[in-house]
Amino acid sequence: MEILKIEHLSKIYGTGESAVKALDDISFSVQKGEFVAIIGPSGSGKSTLLHLLGGVDRPTNGKVFVENTDIYALDETRLAIFRRRQIGLIYQFFNLIPTLTVKENLTLPLLLDNQQEDKKQFDALVKTLNLEHRLNHLPNQLSGGQQQRVSIGRAIISNPAIMLADEPTGNLDSKNSSEIVDLLNMLNKTYHQTLIIITHDERIALQADRIISIVDGKIAKDEVIRQ
Ligand SMILES: Nc1ncnc2c1ncn2[C@@H]1O[C@H](COP(=O)(O)OP(=O)(O)OP(=O)(O)O)[C@@H](O)[C@H]1O
Ligand SMILES: [Mg+2]
């Protein structure tokens, strides 16, 4: 099943002399359960693309369909709800809320959506993340790897259609990076979570089903590594 389709996506930042064409007519689609790595040089448009897939920014041209919904046809309120329910975003610098505990950070998306966590599911998630003994800690009391596991948990707790990650291991040492790669891989293989990950980390690219290279805002290569 096609979970994501983008058509002729372009993004121009600024106007006139200072205009930057960050994305130039990109089209592709992603199947449910696919694990896609996005690679490319600095400034090639990878983060811009990820933000457009996640409904974080608006394209200059083109369309993004998630589960057949044309997301930029939604008004701001609906787009915000769509983002909260259907997109799990993970960043290089974790972006946790420093004054909230691990448990509060994890359940924040549900709280914002007026939902209660299912205790059994929550306990299972915490166990998977190996955070059982850290639930009442604040983010600055955790290691980098633990913080990233919280941000992955927060991204997945509302069971999103797609998880998007921008350099999720970019700020971690080798051992913590491996744990994050294993965790993401497990979410993909066991739960068929669709993953789109920007990375310079070869370990991530090697786990992916498909590698898309972006150069100068265009798709330079789109390779299926495994079916
Ligand atoms: N808010 C913005 N305003 C103006 N130009 C921007 C903005 N954000 C990004 N750009 C420009 O758009 C281009 C693509 O940027 P983008 O952040 O998508 O690159 P990237 O591939 O993620 O790079 P990196 O690997 O360094 O993170 C760059 O030339 C960048 O300078
Ligand atoms: Mg980037």
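Two strands count as paired here if DSSP finds at least two bridges between them.

**View 1. Strands β1 and β2, side by side.** In this predicted model, strand β1 (residues 2-13) pairs with β2 in the antiparallel sense, over eight bridges. Look for Leu9, which sits opposite Ile26 in β2.

**View 2. The whole sheet.** Pull back a bit and you get an open sheet of four strands, ordered β2-β1-β4-β5, with antiparallel pairing. The edges belong to β2 and β5 (69-70), each of which pairs on one side only.

**View 3. A helix laid over the strands.** Here α1 lies across β1, β2 and β4 (61-66). Relative to β1, α1 runs at about 125°.

**View 4. Who surrounds ligand 1.** The shell around ligand 1 includes Tyr13, Val20, Ala22 and Pro41, then Ser42, Gly43, Ser44, Gly45, Lys46, Ser47 and Thr48. Sorted by class, that shell has four nonpolar, six polar and one charged residues. The largest share, three residues, comes from α1.

**View 5. Polar contacts to ligand 1.** Two side chains to pick out are those of Ser42 and Thr48: an oxygen atom of ligand 1 is 2.6 Å from an N or O atom in the Ser42 side chain, and an oxygen atom of ligand 1 is likewise 2.6 Å from an N or O atom in the side chain of Thr48. The backbone joins in at Gly45, where a polar atom is 3.0 Å from an oxygen atom of ligand 1. As for cover, the protein takes up 57% of the 640 Å² of accessible area that ligand 1 has on its own. The elements giving two or more residues to the shell are β2 (20-31) and α1 (46-53).

Terms used: Residues numbered from 1 in each chain as written. Chains lettered and ligands numbered in written order. Predicted model: local features only at pLDDT ≥ 70, side-chain atom pairs only at ≥ 80, totals over all residues. Heavy atoms only, no water. Near = heavy atom within 4 Å. Polar contact = N/O pair within 3.5 Å; in protein donor to acceptor, adjacent residues only side chain to side chain. Areas by Shrake-Rupley, 256 points an atom, 1.4 Å probe, with all protein chains shown as cover. Nonpolar A, V, L, I, M, F, W, Y, C, P; charged D, E, K, R; others polar. Contact = heavy atoms within 4.5 Å. Axes fitted to C-alpha atoms, helices over the stretch in contact; angles between N-to-C directions.
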